[in-house]
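Work through the exercises below with the model open beside you. Try each task on your own before you read its solution.

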Amino acid sequence: VPGADTRNMQEKQLLNQMADKEQRPLLGRSNHTGNLSQSEKKLQEAICVLLVELCERFTFFGIVCNMIIFCTAKLGYRNYQAAIVNMCFVGISMLTPVLVGWLAECFVGRIKLVCICMFLHFLGTALLPVVAFPFEDIYIDRRHILHTLTQREQKIVFYFALLTASLGIGGIRAIVCPLSAYKLEDCGLKELLSFFNWFYWLVNLNSAVVFVSISYIQQSVARNLGFLIPFVSMLMATITIHMVRGEMIYKPKRDSSLLTTFGVIASALKACCVRYHYFSGGMTNWLDHAKENYGGQYSETQVESTKSLARLFPLFAFQILYRTCIMQIPSGYYLQTMNSNLHFSGLVLPVAAMNVISIVPLLILIPILECINLCLFSSKDTGQSLTTYIAVGQLSAALSVMVAGFSEIHRKHFPQLEQTLSEEVLLVSSMPCFHLAPQYILLGVAEALVTPSCSLLSFWLVPERIRGISMHFLTLFNGAGCFMGAFFVQTAHAGTQGNWFPHLLHEGKLERFFFFLASLMMVNTLGFWTIAHRYNNLNQEYTNEFRGSLPEEKLLKHEKAIKHYDSVLESSPILCPMEKT
């Protein structure tokens with residue numbers, strides 16, 4: 001009987017082993033299909049986020065592209081006032097993602113806040129056609145007008161629409177499609193550079209379509225229905241978010257915040273002011289005053305992260321004046337084009353269509369730069385090439401503004417003619433608008449070189465836990481550049497009694513404003529070149545030293561390595577079951 005029992009036990013064990021062998025391929029297939037569905041889900045999320053990003057940019061550029069001509073022709077603004085409004089709207093749209101991101105993190109839930117922002121964006125894009133619509137053209141009968149908004153009421157509705165639209169833009173950029181939603185944590189240096197290159201390439205391709213189509217509709221075919229296009233585009237973004245609202249709303253880790261960074265800086269400054277000196281007791285940096293070890297209230301990890309971010313502040317600061325030069329496209333350059341001859345082969349070109357000339361070099365250069373980066377540069381050379389790109393791009397921006405000054409002198413030598421824009425007859429120069437192409441091309445080259453490179457440095461040279469904050473700070477400094485451009489326009493107009501930024505360009509000296517800005521940009525480029533060596537070395541050892549020694553990040557890397565090792569052991573077909581145990 002004992003022999004029969006042992007024989008039965010052996011048969012059961014053999015049957016169980018055979019069943020396990022039969023189930024393993026099935027489990028492997030199910031894991032494989034699970035991985036496929038997971039990859040398909042990630043691909044769907046990435047596509048949806050990109051679609052929302054493009055729809056949002058479509059609405060943004062649709063509002064910006066003809067705002068100056070709308071403000072001057074419809075609202076009766078002078079040129080400098082319209083330029084200031086345009087630059088301030090762009091600046092607010094850059095700053096609102098930071099504000100909304102902070103609100104989502106500290107006070108309001110992300111889902112609730114994104115619904116509020118979508119409503120605000122919808123409201124803003126819906127109110128803009130109310131301002132643009134020609135109510136005076138609609139009659140009940142021969143004597144009565146259906147409805148008329150006074151110019152003061154139009155301005156109130158216009159500003160309210162711009163404010164609500166900018167808040168909605170901030171919510172979409174900060175919550176629905178932040179940079180962290182693209183899952184860039186595990187990407188290497190070259191992969192990140194490729195991402196930023198192609199990301200900005202797609203954004204500018206979208207803006208080129210907008211500047212050609214919307215500007216033509218707004219100006220020529222049905223100018224009063226032009227603002228309906230951002231409204232329709234917003235509906236597209238709303239539908240896209242509704243389709244995948246549960247999968248698209250990215251939830252970042254709550255291990256750092258913008259308030260923490262500002263708190264570390266404020267705490268360190270307060271301690272420095274109280275003690276009347278910056279360094280004491282083995283401290284190598286004034287921010288160490290905020291550490292708990294030295295009487296502060298922040299952990300070593302938080303302070304070290306802030307120190308690595310503070311090292312990027314010179315890089316950010318030199319982007320302010322560069323962004324001011326870029327903002328000449330929707331302000332000073334736009335006014336030059338509007339006061340030039342837009343007739344071409346019997347057609348009147350849209351003013352904003354000239355912006356495409358600045359986008360074409362970017363669309364051509366980025367694929368070329370991508371090939372150069374993939375083929376020639378190693379990881380050690382990439383940092384130096386990035387800082388060189390930024391310096392050359394800033395020099396190109398300075399040359400662009402200088403060329404704009406000479407183009408303005410050249411434009412005044414042509415006789416004047418009458419030109420109709422948005423049903424308003426203007427006295428403009430007979431110089432063809434294509435003579436202004438060099439200044440647009442130079443700014444397009446600058447954007448292709450500076451923006452992806454600066455974004456990569458801001459993302460790569462900080463710990464993973466504060467990369468989103470680093471990009472927020474870059475956005476803040478870019479927004480400051482927009483407001484500085486508006487400040488320069490206001491100061492130049494007020495200080496010269498309208499001579500440097502005139503309402504009628506042929507009666508003023510707009511070229512002096514451009515030469516002044518070009519001289520400032522040249523000094524800015526030289527200043528950046530003196531500190532560019534700080535950001536040249538991007539290899540792993542140096543960036544770890546640059547970021548500081550962060551214990552939590554080291555532990556995180558060890559955990560990732562252990563998880564990766566365990567997954568290799570689990571999935572390896574070489575090891576037998578005995579070896580795995």
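**Exercise 1: two packed helices**

Helix H13 (residues 355-375) packs against H15 at an angle of about 40 degrees, and their axes are 7 Å apart; here axes are lines fitted to C-alpha atoms, for helices over the stretch in contact, and angles run from 0 to 180 degrees between N-to-C directions. The model is predicted, so local features need pLDDT of at least 70 and side-chain atom pairs count only at pLDDT 80 or more, whereas totals for chains, interfaces and linings use all residues. Residues are numbered from 1 along each chain as its sequence is written, and side-chain values use heavy atoms, with hydrogens and water left out.

Task: find which residues of H13 meet H15.

Solution: begin with H13, where the residues that meet H15 are Asn-355, Ile-357, Ser-358, Pro-361, Leu-362, Leu-365, Ile-366 and Leu-369. Then turn to H15, whose partners in this meeting include Tyr-440, Gly-444 and Glu-447, contact being defined as heavy atoms within 4.5 Å.

**Exercise 2: one residue of H15**

Task: decide whether Glu-447 is buried or exposed, and list what it touches away from its neighbours in sequence.

Solution: first place Glu-447 in helix H15 (residues 437-460), helices being DSSP runs of H or I with at least four residues and strands runs of E with at least two, numbered from the N terminus. Next, Glu-447 counts as buried because its relative accessible area is 18%, and buried means under 20%, exposed over 50% and partly exposed in between, with a 1.4 Å probe and protein chains only. Finally, leaving aside neighbours within four places in sequence, Glu-447 is in contact with Tyr-322, Arg-323, Ile-326, Leu-362 and Pro-452.

**Exercise 3: the length of a helix**

Task: compare the expected span of helix H17 (residues 510-531) with the distance between its end C-alpha atoms.

Solution: the expected span is 1.5 Å times one less than the number of residues. For the 22 residues of H17 this should be 32 Å, and the end C-alpha atoms are 33 Å apart, which agrees. As a further step, look for the buried residues of H17, among them Phe-513, Leu-517, Met-521 and Phe-528.

**Exercise 4: cysteines and burial**

Task: state how many disulfides there are.

Solution: with a disulfide taken as a pair of cysteine sulfur atoms within 2.5 Å, the count comes to zero. Cys-71 is buried, at a relative accessible area of 0%, and Cys-454 also counts as buried, at 3%.
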